[in-house]
Amino acid sequence: MRSRDGNSNLTFRLSSIILFCSLALNAGEYLISYRYMVKDAILYNETLHISHAMTKCEGKPQSELILENTTDGDLKKLISQNSEEFSNYIHKLGLHIKYKEQTLNLQNTSTTILTLKTTCFKVDFNDNFARIAPLK
Amino acid sequence: MKYFILLIALLSASSLFGADQVQTVDTKVIQLTNAELQRAIAEANLAKKEATFAQIEAMQAKAALAREKADREDEAVKIAEAAEAQAQAEAEAQAEADAEAQDVLKENSTMYISVVGQGVAPMNTTSPAQAYALAKRAAIADAYRAIAEKVKGVRIDGQDLIKNMMVKRSTIRTSVKAMVRNANVVETTFKEGLCEVEMEIVISHSDFPQ
């Protein structure tokens, strides 16, 4: 027998689909920061932080990077597999440069720090490819 | 009377003989004088010839000197011209460099900047590939720094501590702060542990918000 509120089922289904989609969209946003330091012309350390965005990011996707996806939705694994490509991509996006040099009694020391400030990236995993794009 | 006539005759005869002898002596003198004269003339001619030769030689030497002087002058002129041309070329190069240094990024125009960064591999690397990768990363950072220096400039602070008329400590600090995007690696070379990276960037007026 059909209920008097015959469309409640449909409403529930629609709302659940929207909720699922919105959750899926949130899951596709990552916060990434990158920093590396060069001391006296030798690479001192390099750090790449990747984490899920806990809140929804604002902005529109900009220049995107497409990588072959063989990691089943694991961004860290994907980036570690394509580290060189991702590093070049980050360099293209733009890095902050902080350089200090000191010459004390004619002895020189220098430190260069290149930083990508924490940026929200939208990541879409498809079957074969992953699209990574910063939101600005 | 007879004796007197005879005496006169004898005297006249003797005077005749004496006149002959005198004439003979005079001829010798004349001959001698002529010979000396001829010798003197010959000597004079010789001296004249020698003088002429000397004069010719002097003229030749003078001409050679003049030629040498002219050659030297030519050489000096050439050297001066070369020096002038070199100075002019240097001045032009300097002017171009000054013009480039004073080149200002105008509206609706772009500027191309190219730099070379250097990086060194650490000592404790596990493989040559790792050494290359690390050195390249360091070189890229250096190139970025060079681009930032060119585009934005360098802050320089210096401090000297002088005590008892002697420099105790001399410090120079330089720093750069900038943001660089869209720089491209053009060429990478790795030789004897040193990595060199050539990077370029094209900047336009619109990249700098007013």
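The questions and answers below concern a predicted model.

Visitor: What pattern of helices and strands does chain A follow when read along the sequence?
Guide: In this predicted model, chain A holds three helices and six strands. Taken in sequence order, these elements give chain A the pattern α-β-β-β-α-α-β-β-β.

Visitor: Of the contacts in chain A between residues at least 6 apart in sequence, how many, as a percentage, join residues at least 24 apart?
Guide: A contact here means heavy atoms within 4.5 Å. Among such contacts in chain A between residues at least 6 apart in sequence, the share that joins residues at least 24 apart is 61%.

Visitor: Which residues of helix α3 of chain A are buried, and which residue follows that helix?
Guide: Helix α3 of chain A covers residues 83-93, and its buried residues are A:Phe86, A:Ser87, A:Tyr89, A:Ile90, A:His91 and A:Leu93. The residue that comes after α3(A) has a positive phi, near 120 degrees, and is A:Gly94.

Visitor: Is A:Lys100 buried or exposed, and which residues form a positive surface patch with A:Lys100?
Guide: A:Lys100 lies in strand β4 of chain A, which spans residues 95-104. Because exposed means over 50% relative accessible area, A:Lys100, at 54%, counts as exposed. The positive surface patch draws on chains A and B, and the residues that form it with A:Lys100 are A:Arg35, A:Lys98, B:Lys152 and B:Lys177.

Visitor: What share of the area that chain A exposes is supplied by carbon and sulfur atoms?
Guide: Of the 136 residues of chain A, 34% count as buried. Chain A exposes about 9000 Å², and the share of this area supplied by carbon and sulfur atoms is 54%.

Technical notes
Residues are numbered from 1 along each chain as its sequence is written. Chains are lettered from A and ligands numbered from 1 in the order in which they are written. This is a predicted model: local features need pLDDT of at least 70, side-chain atom pairs count only at pLDDT 80 or more; totals for chains, interfaces and linings use all residues. Side-chain values use heavy atoms; hydrogens and water are left out. Buried means under 20% relative accessible area, exposed over 50%, partly exposed in between (1.4 Å probe, protein chains only). Helices (H or I, at least four residues) and strands (E, at least two) are DSSP runs, numbered from the N terminus. Patches are made of residues with over 30% relative accessible area and no salt bridge: like charges are joined within 9 Å, nonpolar side chains (Val, Leu, Ile, Met, Phe, Trp, Tyr) within 5 Å. Accessible areas come from the Shrake-Rupley method with a 1.4 Å probe; for residues, only the protein chains shown count as cover. A salt bridge is a side-chain nitrogen of Lys or Arg within 4 Å of a carboxyl oxygen of Asp or Glu. Lys and Arg count as positive and Asp and Glu as negative; His and the chain ends are not counted. The place of a charge is taken as NZ of Lys, CZ of Arg, CG of Asp or CD of Glu.
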